[in-house]
Amino acid sequence: MADDPYGILGLKRDASADAIKAAYRKLARKHHPDLNPGKPEAEARFKAVSAAHDLLSDPDKRGRFDRGEIDAEGQEQRPPGGYRRHADAAQGARYDGQSGGSPFDDLFADMFEARRRAESAPRPGQDESYRLDVSFIDAMLGTTTPMRLPDGRSLSVRIPPGITTGQVLRLRGQGGPGRNGGAAGDALIGITVQEHPLLRREGRNIAMELPVSLREAVLGGPVEVPTPSGRLRVTLPAHSDSGRQIRLRGKGVAAHGAEPAGDLLLTLKVVIGPADAALDAFLRDWSPATMEDPRAALDFPA
Amino acid sequence: MITPDILVARFPGLELGQLQEWIAEGMLRAEPGPSFTEIDVARIALIMELRDELALDDAALPVVLSLLDQLYALRRELATLRCTPPPP
């Protein structure tokens, strides 16, 4: 015990003998090991408090300590908590309740009954979690995909159209088996939708860029467009600039339940194509009907 | 065999009359004879410590002992329960 005995008892150095006794009793009652079975920290505190009291309650030792002649070490220690060892062992039953029988019989009977009931009650199986990657097109149109579980079972997973990353599909009864006739748990499948290089989801609509030739952009007319729903014939309006949007109704995310199908949004992008001498010659000789500045709208403050 | 005389010799300040008083109040138990066991010796030490060192008075002492007896009974029951598998 190297700590300051005054500090341990919470006393000033000029504390009276009565104050020392009172401080010791207060702490000893709180930390006595026989009153605190199962709390080793109480025993350590009690030992420190006792040693501090032994030193300070002896006027001779206290004087020598105060003058620095001895330190707080080397104090004789009484072995505390002698009763606890007996009382926790079988012979402790000697001092059980006077009326015979444990005062906790009813409590333990209840605990056993609750445990027995819990063991035999039908218990549902655990839910099992899995992850599944879904292609962009499958997530858009919906599909049914087989999925192999780690335990060898194969599940048929129906992917509804419009599913998004982070959604969880629950397959009832495909998780862990139940006990005592309880229902099996569910398989929870977390979905990750993969990116697509050409397509982008905007809610239930799908956005896609549509490259068109200069001639198609100026003259318009029917063009054939490959889409996730197959090749479609689209009539371009004449004089379509880059950036013009064409909406193909119902060709986006497929309809599902109450949700109607989304649209496919085509954004035109004019492609000049490889060098062509005839086009060069035509444009050189061409004088536009109106000389409109395409950059007129670009108006920066000077 | 631990007799009352041995106890009186072992604990300075303990008198036969006090011993009989504790037995009469149910705070201490004795075998016919009377004789005592090791747990009784430890209990006397505890009673004297609670009374003399911790200054519990005569009214508080039996209350504290009764609560302690219940506490230790519960601890022993729990220890048994931990080792016993639940009934089928």
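User: Let me start with A:Leu11. Is this residue buried, exposed or partly exposed?

Analyst: Bear in mind that this is a predicted model. The way to read burial is to count neighbours: a residue is called buried when 20 or more other C-beta atoms lie within 10 Å of its own. A:Leu11 has 19 other C-beta atoms within 10 Å, so it is partly exposed.

User: Where does A:Leu11 sit, and which residues does A:Leu11 contact beyond its neighbours within four places in sequence?

Analyst: A:Leu11 lies in the loop that joins α1 and α2 of chain A. Setting those sequence neighbours aside, the contacts of A:Leu11 are A:Tyr6, A:Ala19, A:Ile20 and A:Ala23. Take A:Ala23: it is twelve residues away from A:Leu11 along the chain, and their C-alpha atoms are 7.7 Å apart.

User: How should I read a helix such as α2(A), and which of its residues are buried?

Analyst: The general idea first. An α-helix has 3.6 residues a turn, so residues three or four places apart point the same way. Now the case here: the buried residues of α2(A) are A:Ile20, A:Ala23, A:Tyr24, A:Leu27, A:Ala28 and A:His31. Looking down the axis of α2(A), these buried residues fall within an arc of 125°, so they line one face of the helix.

User: What covers the buried residues of α2(A)?

Analyst: The cover includes α1 (5-9) and α3 (40-56) of chain A, and α3 of chain B takes part as well. As for the length of the helix, α2 of chain A covers residues 17-31, and its 15 residues reach 21 Å from first C-alpha to last, close to the 21 Å expected at 1.5 Å a residue.

User: Since chain B has come up, what is chain B made of?

Analyst: Chain B has four helices and zero strands, so to speak an α-α-α-α order from the N terminus on. Of its 88 residues, 17% count as buried.

User: How do I read the interface, and how many residues of each chain are in contact?

Analyst: The size of an interface is often given as the accessible area lost when the parts come together. Here we can list the residues in contact instead: 24 residues of chain B touch 27 residues of chain A. On the chain B side, the elements giving two or more residues are α3 (38-53) and α4 (60-83). Of these, α4(B) gives the most, with ten residues. By character, that side of chain B divides into 13 nonpolar, three polar and eight charged residues.

User: Let's turn to strands. In what order do the strands of the open sheet in chain A run, and why do some have a side without a neighbour?

Analyst: To read a sheet, follow which strand pairs with which. Three strands of chain A form this open sheet in the order β1-β5-β4, with mixed pairing. β1 (128-134) and β4 (168-171) stand at the edges with a single partner strand each, so one side of each has no neighbour in the sheet. Neighbouring strands are turned by 25° against each other on average, direction ignored. β4(A) and β5 (residues 187-193) pair in the antiparallel sense over four bridges, and one bridge joins A:Leu169 to A:Ile189.

User: And which strands of chain A form a hairpin?

Analyst: That is β6(A) and β7(A), with two residues between them; in the turn, A:Gly203 has a positive phi of about 65°. The two strands pair in the antiparallel sense over four bridges, and A:Glu202 has A:Asn205 as its bridge partner. β7(A) also pairs with β11 (residues 264-271) of chain A, in the parallel sense over eight bridges, and there A:Met208 stands opposite A:Leu266.

Methods. Residues numbered from 1 in each chain as written. Chains lettered and ligands numbered in written order. Predicted model: local features only at pLDDT ≥ 70, side-chain atom pairs only at ≥ 80, totals over all residues. Pairing = 2+ DSSP bridges. Axes fitted to C-alpha atoms, helices over the stretch in contact; angles between N-to-C directions. Contact = placed C-beta atoms within 7 Å. Nonpolar A, V, L, I, M, F, W, Y, C, P; charged D, E, K, R; others polar. Buried ≥ 20, exposed ≤ 12 C-beta atoms within 10 Å, placed from the backbone. Expected span 1.5 Å × (residues − 1). Arc of directions from axis to C-beta.
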